[in-house]
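Please look through the structure shown below with attention to its cysteines, its helices and its charged pairs, which the paragraphs after it take up in turn.

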Amino acid sequence: MTSPAKFKKDKEIIAEYDTQVKEIRAQLTEQMKCLDQQCELRVQLLQDLQDFFRKKAEIEMDYSRNLEKLAERFLAKTCSTKDQQFKFISFSAFTVIMSPADVQAACDFPGLLSTPESFPLRKDQNVLSPVNCWNLLLNQVKRESRDHTTLSDIYLNNIIPRFVQVSEDSGRLFKKSKEVGQQLQDDLMKVLNELYSVMKTYHMYNADSISAQSKLKEAEKQEEKQIGKSVKQEDRQTPRSPDSTANVRIEEKHVRRSSVKKIEKMKEKRQAKYTENKLKAIKARNEYLLALEATNASVFKYYIHDLSDLIDCCDLGYHASLNRALRTFLSAELNLEQSKHEGLDAIENAVENLDATSDKQRLMEMYNNVFCPPMKFEFQPHMGDMASQLCAQQPVQSELLQRCQQLQSRLSTLKIENEEVKKTMEATLQTIQDIVTVEDFDVSDCFQYSNSMESVKSTVSETFMSKPSIAKRRANQQETEQFYFTVRECYGF
């Protein structure tokens with residue numbers, strides 16, 4: 001004989017469900033911690049960049065002053081020599097040639113680059129007289145002094161304010177994204193709690209149905225027992241006088257009929273109770289299966305789509321703004337010394353690789369155990385109920401058909417709404433991208449000089465960092481961001 005099938009008890013099913021929900025809840029908590037950690041690292045990175053460029057601006061300004069003192073010293077000596085005659089001709093800029101050993105020495109001893117004598121110079125093919133070379137060298141030193149003054153001004157008044165703005169925008173966007181993410185997690189936990197309630201209801205009604213079925217079988221057994229007892233009593237009766245026998249038989253028949261009627265009424269009541277409880281159990285199981293499918297769909301949507309969109313919102317404009325700030329640095333350095341391509345190529349390559357999608361993918365790969373979707377919830381049969389699909393038999397068929405029509409109608413409406421919302425969000429996102437990807441990082445105009453030897457004031461503050469311009473940009477950007485997040489919050493990710 002085959003052993004009877006062992007069914008999971010209610011406590012075992014509930015315990016397994018609670019374990020799975022606890023794992024998801026712990027995963028959601030770790031996700032927020034991971035995003036918080038990324039935000040802290042981002043803030044620290046931006047702060048380090050600000051401190052780095054602030055110190056570099058001081059160094060550039062000190063270097064510029066030293067170059068200016070050096071040039072003024074020898075220009076004064078040259079002007080005081082009345083016997084010599086100088087012939088000035090047009091010249092091309094000097095090219096700085098640095099060997100790998102010079103580069104290493106510069107890294108180990110930064111003071112070596114404080115004066116032009118620290119590295120060899122090579123002129124172009126236009127050969128000038130020694131006197132003209134000397135004057136051109138002094139003019140080049142004076143030009144370098146002005147260039148480094150401009151570079152320091154760009155660091156202080158352009159690049160550093162950009163990092164400050166990126167830090168403020170990043171913190172603001174992360175705060176909003178975290179609120180949205182917390183709401184998404186709360187909604188997901190609400191769905192899981194609803195599934196728990198529906199599952200408990202299904203267990204309760206199924207248990208009632210099994211209990212009613214057991215009582216019905218007990219009533220049927222009592223009926224059979226009563227009928228058998230009546231037959232035996234008729235067979236065992238002894239002969240009596242005709243009158244007395246007739247009276248006894250009438251009384252016994254009356255008693256037996258009364259007992260049979262009571263049992264029949266009890267059976268009818270239990271049959272009705274069983275039918276009612278069975279119908280409730282079927283409906284509860286259908287609700288449980290529908291809730292199970294909806295829950296799995298919600299979990300899939302959160303882990304596959306919502307998390308990706310949430311990270312996108314955290315990174316909204318960050319990489320593009322950082323790209324612009326670092327491109328400003330690149331433009332300044334490349335215009336200062338075109339010969340330093342080797343060192344700057346590495347930085348430019350890093351700037352070119354600033355990509356939100358790649359960073360997101362990398363983040364999710366690094367924390368794969370946090371962002372990977374959990375196992376699907378499986379149907380847990382209760383007390384031998386092996387039906388794992390919707391029951392479309394009467395009397396629930398018409399109800400399911402009506403519900404199916406309602407869902408199809410609702411889905412059609414949602415599809416139309418989602419298409420409109422999608423168009424709105426795409427247009428809004430494109431507007432934000434246009435704001436944060438404006439190509440304003442080229443500062444080549446700052447390095448255009450006249451023949452005058454006077455200091456040329458940087459025009460940086462009159463372009464990107466001018467108060468009316470930056471205020472208008474930030475107002476438009478924040479207004480568009482607010483609208484974008486409002487749409488996100490209303491219609492979800």
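Cys372 has a relative accessibility of 28% and therefore counts as partly exposed, whereas Cys39, at 13%, counts as buried. The model, which is a predicted one, holds 0 disulfides. Cys39 is accordingly in no disulfide, and the nearest cysteine sulfur, that of Cys314, is 7.8 Å away; because a disulfide requires sulfur atoms within 2.5 Å, this pair does not qualify.

As for the chain as a whole, 10 helices and 2 strands are found in it, and from the N terminus on their order is α-β-α-β-α-α-α-α-α-α-α-α. Of its 493 residues, 35% count as buried, while the exposed area comes to about 30900 Å², with carbon and sulfur atoms supplying 54% of it. Among contacts with a separation of 6 or more, 91% are made by residues 24 or more positions apart.

Two of the helices can be followed in more detail. Helix α3 spans residues 130–236 and contains Gln226, which at 18% relative accessibility counts as buried; the C-alpha atom of Gln226 is separated by 8.5 Å from that of Ile263, a residue 37 positions away along the chain. Helix α9, comprising the 40 residues 397–436, reaches 56 Å from its first C-alpha to its last, which is close to the 58 Å expected at 1.5 Å a residue. The buried residues of α9 include Val421, Met425, Thr428, Ile432 and Val436. An α-helix has 3.6 residues a turn, so residues three or four places apart point the same way.

Which charged pairs, then, are joined among the 14 salt bridges that a search of the whole structure finds? In helix α1 (residues 10–80), Lys33 and Glu30 are 3 residues apart and so are separated by about one helical turn; their closest N and O atoms are 3.9 Å apart, in a salt bridge, and Glu30 counts as partly exposed at 38% relative accessibility. Glu60 and Lys56, also in α1, lie 4 residues apart, about one turn of the helix, and form a salt bridge with closest N and O atoms 3.2 Å apart. Both Glu60 and Lys56 are buried, and together with Glu333 they are linked in a network of salt bridges.

A further salt bridge joins Arg42 to Asp315, with the closest N and O atoms 2.4 Å apart. This pair links distant parts of the chain, since Arg42 belongs to helix α1 and Asp315 to the loop between α4 (242–314) and α5 (318–336), 273 residues apart. Both Arg42 and Asp315 are buried.

Key: Residues are numbered from 1 along each chain as its sequence is written. This is a predicted model: local features need pLDDT of at least 70, side-chain atom pairs count only at pLDDT 80 or more; totals for chains, interfaces and linings use all residues. Side-chain values use heavy atoms; hydrogens and water are left out. Buried means under 20% relative accessible area, exposed over 50%, partly exposed in between (1.4 Å probe, protein chains only). Contact means heavy atoms within 4.5 Å. Accessible areas come from the Shrake-Rupley method with a 1.4 Å probe; for residues, only the protein chains shown count as cover. The expected span of a helix is 1.5 Å times one less than its number of residues. A salt bridge is a side-chain nitrogen of Lys or Arg within 4 Å of a carboxyl oxygen of Asp or Glu.
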